[in-house]
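I opened these notes to record what I looked up in the structure, entry by entry.

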Amino acid sequence: LFLQERVKARTPGEYESLVDIIHDQSSILMVHRFGNFLVQSMLETAEPNDIERFTLNIIGKVAYFSVNQFCCHVIQKLLDVGPIVVQARIASELLDQVYTTMTSSFGTHVWQKLLQLPWPKQLPPLATMTHNAVRIQVPENGWVLIAKTESGCSSVRSYLCLNQKD
């Protein structure tokens, strides 16, 4: 809690040092019961270049982190504060592991956040990309198999709400 308050205070010199340490230890902090709150605090106060730097640290591991009970909150926060390019990177990695992340009791929360975000009309519709990912990765009754799991049912509901908007 002390470090979270120090990050939020943004005291020059101290803030930059804390952000550097958080970046260096982010993989450990994100999956920690209390450390994930520190990372979330950093993301809430971060400058755009710090968000980009943090994103670069987790690229290639987003799906893995999304199914962790503590780190899923960090990924959701990153979706909240990150620009569209960060949101698209996260979406891409979740789409690559659509079944695993949608049926995870923690990954489903990340999907729900992602599917609630406004998606620019210039980009391919998120509903279409999600549907195609399910069809490719789980060709036989993919949506049914996802919906049969408790967590997947929530993911499917979020997808259907998005699909009605598109």
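**Entry 1: Arg89 and its partner**

I began with Arg89, which counts as partly exposed at 28% relative accessibility. The model is a predicted one. I then looked for the acidic partner of Arg89 and found a salt bridge with Glu52, in which the closest N and O atoms are 2.7 Å apart. Arg89 belongs to helix α8 (residues 84-96) and Glu52 to helix α5, so this pair ties together parts 37 residues apart in sequence. I noted Glu52 as partly exposed too, with a relative accessible area of 24%.

**Entry 2: Other salt bridges**

I searched the whole structure and obtained six salt bridges. One of them joins Glu47 to Arg10, with 2.8 Å between the closest N and O atoms. Glu47 sits in the loop between α4 (35-45) and α5 (48-58), and Arg10 in the loop between α1 (2-9) and α2 (14-24), so the contact ties together parts that are 37 residues apart in sequence. I recorded Glu47 as partly exposed at 36% relative accessibility, and Arg10 as partly exposed at 31%.

I next examined Glu44, which forms a salt bridge with Lys77 at 2.9 Å between the closest N and O atoms. This pair links distant parts of the chain, since Glu44 is in helix α4 and Lys77 in helix α7 (residues 71-81), 33 residues apart. I asked whether Lys77 is buried or exposed. Lys77 has a relative accessible area of 17% and is therefore buried, the cut-off being under 20%. Glu44 is partly exposed at 43%.

**Entry 3: Helix α11 and the preceding loop**

I counted 12 residues in α11 and a reach of 16 Å from first to last C-alpha, close to the 16 Å expected at 1.5 Å a residue. Which residues of α11 are buried? I listed Leu126, Ala127, Thr130, Ala133 and Val134. Viewed down the axis of α11, the buried residues fall within an arc of 130°, so they line one face of the helix. On the other side of α11, I found Arg135 and Ile136 exposed.

I located Leu123 in the loop between α10 (107-116) and α11 (126-137). Leu123 is partly exposed at 32% relative accessible area, and together with Ile84 and Val85 it makes a nonpolar surface patch of about 200 Å².

**Entry 4: The chain as a whole**

I found 13 helices and zero strands in the protein chain. The radius of gyration is 17 Å, which agrees with the value near 15 Å for a compact globule of 166 residues. Buried residues make up 46% of the 166 residues.

Terms used. Residues numbered from 1 in each chain as written. Predicted model: local features only at pLDDT ≥ 70, side-chain atom pairs only at ≥ 80, totals over all residues. Heavy atoms only, no water. Patch = residues over 30% accessible without salt bridge, like charges linked within 9 Å, V, L, I, M, F, W, Y side chains within 5 Å. Areas by Shrake-Rupley, 256 points an atom, 1.4 Å probe, with all protein chains shown as cover. Salt bridge = Lys/Arg side-chain N within 4 Å of Asp/Glu carboxyl O. Helix = DSSP H or I, 4+ residues; strand = E, 2+ residues; numbered from the N terminus. Buried < 20%, exposed > 50% of the residue type's maximum accessible area, 1.4 Å probe, protein only. Expected span 1.5 Å × (residues − 1). Arc of directions from axis to C-beta. Rg over C-alpha atoms; globule rule 2.2 N^0.38 Å.
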